[in-house]
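Trainee: I should like to understand how the descriptive terms applied to a model are justified. Could we take them one at a time, each beside its definition?

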Amino acid sequence: MSKDKVSFENQVIVITGAARGIGAATARLIAARGGKVFALDIAMDGLNSLQKELGLPADQVIAFDLGNQSAVKETIDSIYSKAGRIDALINTAGVVGPTNVKVEDVKWQDFENTLRVNLFGTVWLTQAVIPHMKKAKYGRIAHVASIAGKEGNPGMTPYNVSKSGMIGFIKGVAKELAPDGITINSLAPAVIRTPMNADTSDETLKYMISRIPMGRVGEAEEVAELLAFMASAACSFTTGFTFDASGGRATY
């Protein structure tokens, strides 16, 4: 491993949700710092664009459905078989679910789908990658949660539950993995300028921006810098923590 603890030279980094937004920005940054990036996403058009931009080999760009438990394990195992190692997993994939919908009006199918992708997908990814990292006695796992998981957003109950569940899951798992040289942390962004927010209602977006002391949305590149640190060797004594990328909105 490079002596430069924020370099990714000779490291294999798996990034989910890599086709756009925070995931794509993180893939660009990790690749620029020497990492071998495996880019995963369900949106192949965006992945193909990223592949051309970064010059990634075809086998490092993978169609991936975070809501499919068996596919999650198969994909992670396949990457490990090809690369011989997985140094870091950065999970930026997720869905917003219903917005501006009162809790009593949320359809259960929408609730379940949001939990399946955001929360269950986080669990499945973590379960899949841990055995490979334990063999190496080293690993970095970073999951993108949300400020909604800390303090909630009205009209977004399924999303709030999925992200708060993610934060709780990571806190406990971190204590299990600490003796194995593996750190696992989450990141809680406020609203970020990404295509994902195209699905968020104007009313909800206005509410979220009004809560940010800096008075603006965040940029994907700002979030990528934090994720790169969380996935690096430099993140050696922080685990089970939820990092802030909220423009001052976070209350803890």
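Mentor: We begin with the polar contact, which is a pair of N or O atoms within 3.5 Å; within protein, one must be able to donate a hydrogen and the other to accept it, and residues adjacent in sequence count only if both atoms are side-chain atoms. This is a predicted model, in which local features need pLDDT of at least 70, side-chain atom pairs count only at pLDDT 80 or more, and totals for chains, interfaces and linings use all residues. Residues are numbered from 1 along each chain as its sequence is written, and side-chain values use heavy atoms, with hydrogens and water left out.

Trainee: What lies 2.9 Å from a polar atom of the side chain of N185?

Mentor: The backbone oxygen of T238 lies at that distance, 2.9 Å. The limit for a polar contact is 3.5 Å, so a pair at 2.9 Å falls within it.

Trainee: Why is N185 called buried?

Mentor: Buried means under 20% relative accessible area, exposed over 50%, and partly exposed in between, with a 1.4 Å probe and protein chains only. N185 has a relative accessible area of 0%, and is therefore buried. Contact means heavy atoms within 4.5 Å; leaving out residues up to four places away in sequence, N185 touches residues including I141, H143, M230, T238 and F243.

Trainee: In which strand does N185 lie, and what makes that strand largely enclosed?

Mentor: N185 lies in strand β6. Helices (H or I, at least four residues) and strands (E, at least two) are DSSP runs, numbered from the N terminus. In β6, residues 182–189, 8 of the 8 residues are buried, so the strand is largely enclosed by the rest of the structure. Both faces are covered, with I182, I184, S186 and A188 buried on one side and T183, N185, L187 and P189 on the other.

Trainee: How do you know that β6 pairs with β5 and β7?

Mentor: Two strands pair if DSSP finds at least two bridges between them. Strand β5 (residues 139–144) pairs with β6 in the parallel sense over 6 bridges, and β7 (residues 242–245) pairs with β6, also parallel, over 4 bridges. Both pairs therefore satisfy the definition. G139 stands opposite I182, the bridge partner of R140 is T183, and L187 stands opposite F243.

Trainee: Which strands are the edges of the sheet?

Mentor: The open sheet has 7 strands in the order β3-β2-β1-β4-β5-β6-β7, with parallel pairing. The edge strands are β3 (61–63) and β7, as each pairs on one side only.

Trainee: What makes a group of residues a nonpolar core?

Mentor: A nonpolar core is a set of buried Ala, Val, Leu, Ile, Met, Phe, Trp, Tyr and Cys residues joined through side-chain atoms within 4.5 Å. The largest one here has 35 residues, and V14, I86 and I141 have the most contacts inside it. Its largest share, 10 residues, comes from α4. A second, separate core of 32 residues includes F8, A27, V223 and A231.

Trainee: How do you know that the length of helix α1 agrees with its number of residues?

Mentor: The expected span is 1.5 Å times one less than the number of residues. For the 12 residues of α1 (residues 21–32) this gives 16 Å; the end C-alpha atoms are 17 Å apart, which agrees. The helix is mostly covered, with 9 of its 12 residues buried. These buried residues pack against β1, β2, α2 (44–54), β4 (88–91) and α8 (220–230).
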